[in-house]
Amino acid sequence: MADSISPRSEDLPALQRALTSPLPSGQLAWLKLSPTPPVGGAVGVGCGTVVGGVDDDGALFIVGRLRELIICSGFNVYPAEIEGVLNAHPAVMHSAVVGRVAADNEEVVAFVELAPNQHATPDELAQFAATRLSPYKRPAEIVVLPALPASATGKILKIRLRELAQRVA
């Protein structure tokens with residue numbers, strides 16, 4: 001599910017400037033963001049290209065970063081959607097989803113860190129996800145790690161997970 005962002009211009013000027021022409025409701029577009037300082041206590045938006053659009057209420061939404069997009073059998077798969085499903089499992093504390101090159105295609109690989117004193121197997125997590133995701137979005141593999149690799153600020157280091165995904169193939 002996409003995160004909805006208030007369409008107030010004082011909050012996200014770079015995102016609004018990126019929409020140079022009207023975008024039909026529900027249609028996705030690539031949005032190029034430029035760095036802007038947070039205004040009025042709003043959350044700052046960094047640089048990069050995101051995929052997003054405008055919903056029926058006129059609110060801007062983001063479905064993911066373009067560089068994290070996984071193309072699986074010709075379908076666009078946004079890691080944030082799969083992470084949201086896995087994070088909804090009661091035993092999961094954190095998850096991160098990356099793409100892995102496989103036979104002229106990409107497949108979805110999910111890494112999961114379980115909450116303290118919780119237990120779940122990759123098969124249990126796969127069954128949980130299967131009831132909530134379309135078949136092409138389901139992870140080909142779920143790897144449970146004691147802790148996801150993170151920076152000093154707590155950001156999950158997906159580059160390390162991509163490397164690990166290629167090694168466990």
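Two strands count as paired here if DSSP finds at least two bridges between them. Keep that in mind as you click through this predicted model.

**The whole chain**

Start with everything shown. The protein has four helices and nine strands, and from the N terminus on they run β-α-β-β-β-β-β-α-β-β-α-β-α. Of its 169 residues, 38% count as buried. About 9600 Å² is exposed, with carbon and sulfur atoms supplying 55% of that area. Among contacts with a separation of 6 or more, 52% are between residues 24 or more positions apart.

**Stop 1: strand β8**

Now select residues 106-114, which form β8. How many of its nine residues are buried? Seven are, which leaves this strand mostly covered.

**Stop 2: the hairpin with β7**

Add residues 92-101, strand β7, to the selection. β7 and β8 pair in the antiparallel sense, over nine bridges. To see one pair of facing positions, pick arginine 100 and look opposite, where you will find glutamate 107 of β8. Then move to the turn: four residues lie between the two strands of this hairpin, and alanine 103 takes a positive phi near 45 degrees.

**Stop 3: across to β9**

Next, select residues 141-145 for strand β9, which runs parallel to β8 and is joined to β8 by five bridges. Click alanine 110, and then isoleucine 142 in β9, its bridge partner. Bring in residues 122-130 as well: this is helix α3, and together β8, α3 and β9 make a right-handed β-α-β unit.

**Stop 4: helix α2**

Select residues 79-87 to show helix α2; its buried residues are Pro79, Ile82, Glu83, Val85 and Leu86. Turn the view so that you look down the axis of α2: the buried residues fall within an arc of 160 degrees, so they line one face of the helix.

**Stop 5: valine 77**

Finish with valine 77, found in strand β6, residues 75-77. Is this valine 77 buried or exposed? Valine 77 has a relative accessible area of 0% and counts as buried because that value is under the 20% cut-off.

Which residues does valine 77 touch, leaving out those up to four places away in sequence? Show Leu69, Ile70, Cys72, Ile82, Val108, Tyr136 and Lys137. Two of these names link back to earlier stops. Ile82 is one of the buried residues of α2. For Val108, try the distance tool: the C-alpha atoms of valine 77 and valine 108 are separated by 8.3 Å, although the two residues are 31 apart along the chain.

Conventions: Residues are numbered from 1 along each chain as its sequence is written. This is a predicted model: local features need pLDDT of at least 70, side-chain atom pairs count only at pLDDT 80 or more; totals for chains, interfaces and linings use all residues. Side-chain values use heavy atoms; hydrogens and water are left out. Buried means under 20% relative accessible area, exposed over 50%, partly exposed in between (1.4 Å probe, protein chains only). The arc is that of the directions from the helix axis to the C-beta atoms. A crossover is right-handed if, with the strands pointing away from the viewer, the path from the first strand over the helix to the second runs clockwise. Contact means heavy atoms within 4.5 Å. Accessible areas come from the Shrake-Rupley method with a 1.4 Å probe; for residues, only the protein chains shown count as cover.
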